[in-house]
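Open the model in your viewer and keep the selection tool ready. Each stop below says what to pick next.

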Amino acid sequence: MKTKRILRAAVALLFAFGVLAADLTPLRLPPQTASAVTQADIDKLKKESNALSSKKSEVNKQLSALKKDKANTLKRKALLDQQIDLISAEIANTEQQIAQYETLIEQTEQELNETQAQEADQYELFCKRVRAMEERGTVSYWSVLFQASSFEELLGAMDFISEVMEADQRVIDDLRVLQAQIAEKQQTLETSLAEQQSAKEALAAKNNELRDQRTEATGLIKEMEENEADYKDVLAEIEAEEEKTQAEIVRLSKELAAQQGNTTVTYGGYIWPVTTSKRVTSPFGKRNTGISGASTNHRGIDIGGVYYSSTVYAAKAGTVIISSSNNVRGQYIVISHGSGNTTTYQHLSKRSVSVGTVVKQGQAIGVTGSSGVGSGPHLHFEITENGQLVDPLKYLTDYVKAWN
Ligand SMILES: [Zn+2]
């Protein structure tokens, strides 16, 4: 803020020197043969200006849309990246779980095999005992039981026999319990494995989907960045053309001065173009477009709080050289105050002067409004001195700062 003020003061000082220099050095006059300003010249200029402004208006709209789109896409991309990170962690976790389940299953299968072998051993031992008993002639019904083709069949048959040796019964019971436990354990583990595998598949599918979305978002961002470069080029082109238009305004102003035989010019001495407000909502100079590397030059100041009803006054005596309307500036007026010295008033709702009108300082020339591009009613006010746009706040120093 301080630096800005110092800069402004420095610019004002330099400018003061410029004015002195201009006073001491006779102005170079255009050749007397120079063609006089005609309505056709001004009409041509107006037409060019209109075309230029509608182009710029369109680009500005695209730029703000682009800015919003880009911000949304970046936000979306960041969220997608976050999601992908989470999903990837989830997948890694699931894969670990699956690996653990696979090891468990393997262990269980081994356990089951061992148990089955143990079971077989136990059966054989049991058979030996029974055969020994049979050989001794102590048990007769065992031979019936030995017609069973498997141990399981035998176990079933035994349910109806109560007179089995206690020790053998215990062994058989233990084997049955063990077998059931192992079967249940294996079933549980297999179910868990299936669940984990389908969870893993679902997560992998989701992950692929998200990766696709991320690729799409990245592509969109890339496209937008390319568009930005194009827009920047168009903006630069428009800026260059506006400079050209500015040069035309200056040329018109100089020719008019030459025509009127009025070759001396005194800069400064402007009054506020409105009396209802001194709130400046946007200052002169560089403005950010929201796109890195692309800034536009604010060619004047914006005066807010003027509504649609403030009378606009000529800031200085002069001759109207443009009274027209276009898409960006809306209804606007340019007054020449001498060679290379003009003031511009934009976004009016009404104009009460036309090209060629000679105006006094403080004379009403129109009414404020919001025609053209802008957010709500305000007066955009420009000053050109010595053919260059200058900061109006060098002169209108009692302003109220209302910008960020
Ligand atoms: Zn403005």
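What spacing do the donors of the zinc ion follow along the chain? The spacing is H-x3-D-x77-H. Keep in mind that this is a predicted model.

**Stop 1: the zinc ion.** Select the zinc ion, then add His298, Asp302 and His380, its protein donors. Pick out the donor atoms: NE2 of His298, OD of Asp302 and ND1 of His380. They lie 2.0 to 2.2 Å from the zinc ion.

Now show the strands. His298 sits in strand β3 (residues 294-298) and His380 in strand β11 (residues 379-385), so this pair ties together parts 82 residues apart in sequence. Switch on a surface: are these two histidines buried or exposed? Both His298 and His380 are buried.

**Stop 2: strand β11 again.** Aromatic pairs come next; the structure holds 3. Select Tyr345 and Phe381, which form a tilted pair. Their ring centres are 5.4 Å apart, with 45° between the planes. Phe381 is in strand β11, while Tyr345 belongs to strand β8 (residues 342-351). The pair links distant parts of the chain, 36 residues apart. Tyr345 is buried, as is Phe381.

**Stop 3: a stacked pair.** Move to Tyr399 and Trp403. These form another of the aromatic pairs, this one stacked. Expect 6.0 Å centre to centre and 20° between the planes. How do the two partners compare in exposure? Tyr399 has a relative accessible area of 21%, so it is partly exposed. Trp403 is at 10% relative accessibility and therefore counts as buried. The cut-off for buried is under 20%.

Conventions: Residues numbered from 1 in each chain as written. Predicted model: local features only at pLDDT ≥ 70, side-chain atom pairs only at ≥ 80, totals over all residues. Heavy atoms only, no water. Donors = N, O, S within 2.8 Å, 3.2 Å for Na, K, Ca; no water. Helix = DSSP H or I, 4+ residues; strand = E, 2+ residues; numbered from the N terminus. Buried < 20%, exposed > 50% of the residue type's maximum accessible area, 1.4 Å probe, protein only. Phe/Tyr/Trp six-rings, centres within 6.5 Å; stacked < 30°, edge-to-face > 60°.
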